Amino acid sequence: MNTRNILIAGEKDVLSSEALDYLSSNGRSQHFRFSKVSLEELQRHIGQLKNGSRCHLVVYPFTAHLSRSQSMELVASRFEGVPVVNSLSFYIQSTGRVPVKHMRPEWLINPSGSLPIKTPLHRALKRAFDIVFSAFSIIGSFPLMAIIAAAVKLTSRGPVFYIHERLGFKGRPFRLYKFRTMIAGAEASSGPVWAKKNDPRVTRVGRILRKTRLDELPQFFNVLKGDMSVVGPRPIRQFFAKKLAKEFPYYSLRFSVKPGITGWAQVKGDYGNNMEGQLRKLEFDLFYIQEYSLLLDVIILVKTIKTVLAGKGQ
């Protein structure tokens, strides 16, 4: 694979630095050659690139106040075929997240129009897809759901289904359906706690269901009812939502769309059983809402199916 040359302007830009750290930690930095320069050196380096070296991308600091000459150099580069992006866009496209820790409200304002997922056409298409996909999923998986129900009932005491209140679109509560994977009364003594790897409260059958994510199958009925979508941020309990809203000022934005059976955060990472993990989930959720497309939904579904077949759920 050919190495792509990327020029990073602004040596102290936090967004660019964190994006580079992410690419490095995920083994993707080997495909790129990064050159970091100060804003003062930007014009000279762009001039050198025009005279010989091939540059595939120029990244400039999102929050920087560029001089007229610096701005014109970037404009000229773009018109000569070299893509130019700000560090916020570079961060979002590199990580698949929105940098909540560094966000300011004005960053989320797009003067060119509504977010794609908020337009009437996209909402109608997404709802139509939800109805068709969930109906076929229920019909196709009904024999399997009957077997799972019998296995849950015969191997542990308690109900077959776990029915619990979650927050949906605009924070409205609804009753979510799942196959029970924990012992009955799992939170009787502890109260609400985040799910985690190797949770001792999970039953033997429940462990298999979580690995394959088959415990989520009854949620297709939630989709048919209109409480959920096939793809979207995972529904959360009010107890945790209140707690997280105090920590993260943009947390309520995830309720601007319906919750989903699977989502971008689920295919990109594992359970966020601490504040740092929940922040990562929020960043992925906001990326999904901001960058939504039907193609992105299809990509998430394909990744989810691969996870189910590989038994890599939790």
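## The cavity and its lining

In this predicted model, the largest cavity is lined by L167, G168, P233, R234, P235, I236, R254, F255, V257, K258 and P259. Sorted by class, that lining holds seven nonpolar residues, one polar residue and three charged ones. The volume of the largest cavity is about 40 Å³, and the count of cavities of 30 Å³ or more comes to one.

## K258, a lining residue with many contacts

K258, one of the residues that line the largest cavity, sits in the loop between α8 (238-247) and β8. Is K258 buried or exposed, or does it fall in between? K258 counts as partly exposed because its relative accessibility is 27%, and the partly exposed class runs between 20% and 50%.

If you set aside neighbours within four places in sequence, the contacts of K258 are R127, F169, G226, D227, M228, S229, G232 and P233. Take G232 from that list: along the chain, K258 and G232 are 26 residues apart, yet their C-alpha atoms are separated by 6.4 Å. P233, also a contact of K258, is another residue of the cavity lining.

## D285 in helix α10

Which helix holds D285? D285 belongs to α10, which covers residues 275-291. With a relative accessible area of 4%, D285 is buried, because that value is under the 20% limit for the buried class.

Which residues does D285 touch, leaving out those up to four places away in sequence? They are P233, R254 and A265. Two of these names may look familiar: P233 and R254 are both found in the lining of the largest cavity.

## The β5-β6 hairpin

Strands β5 (residues 161-167) and β6 (residues 173-179) pair in the antiparallel sense, with seven bridges. As one example to look up in the structure, E165 has R175 in β6 as its bridge partner. The two strands form a hairpin with five residues between them, and K170, in the turn, has a positive phi of about 60°. L167, a residue of β5, also helps to line the largest cavity.

## Helix α6 and its packing

Helix α6 spans residues 204-212, and its buried residues are V205, G206, L209, R210 and T212. What do these buried residues pack against? Their packing partners are α5 (120-155), β6 and α11 (294-310), so you meet β6 again here, after its part in the hairpin with β5. Just after α6 comes R213, which has a positive phi near 60°.

## The second largest pocket

The second largest pocket encloses about 400 Å³ of space. Its lining is made of 18 residues, and those nearest its centre are L217, F220, T304, I305 and V308. Two or more lining residues come from each of α5, β8 (260-262) and α11.

Which element gives the largest share of this lining? That is α11, with five residues. By class, the lining of the second largest pocket has 11 nonpolar, five polar and two charged residues.

## The chain as a whole

Stepping back, the chain contains 11 helices and eight strands. It has 314 residues, and 44% of them count as buried. Of the contacts between residues at least 6 apart in sequence, 76% join residues at least 24 apart. The chain exposes about 16,900 Å², with 58% of that area supplied by carbon and sulfur atoms.

Methods. Residues are numbered from 1 along each chain as its sequence is written. This is a predicted model: local features need pLDDT of at least 70, side-chain atom pairs count only at pLDDT 80 or more; totals for chains, interfaces and linings use all residues. Side-chain values use heavy atoms; hydrogens and water are left out. On a 1 Å grid over the protein atoms alone, a cavity is a set of points where a 1.4 Å probe fits but cannot get out, and a pocket is an open set with protein on both sides within 12 Å along at least five of seven lines; lining residues have an atom within 4 Å of a point. Grid points are joined across faces, edges and corners, and a volume is the space filled by probe spheres set on the points. Ala, Val, Leu, Ile, Met, Phe, Trp, Tyr, Cys and Pro count as nonpolar, Asp, Glu, Lys and Arg as charged, and the others, Gly among them, as polar. Helices (H or I, at least four residues) and strands (E, at least two) are DSSP runs, numbered from the N terminus. Buried means under 20% relative accessible area, exposed over 50%, partly exposed in between (1.4 Å probe, protein chains only). Contact means heavy atoms within 4.5 Å. Two strands pair if DSSP finds at least two bridges between them. Accessible areas come from the Shrake-Rupley method with a 1.4 Å probe; for residues, only the protein chains shown count as cover.
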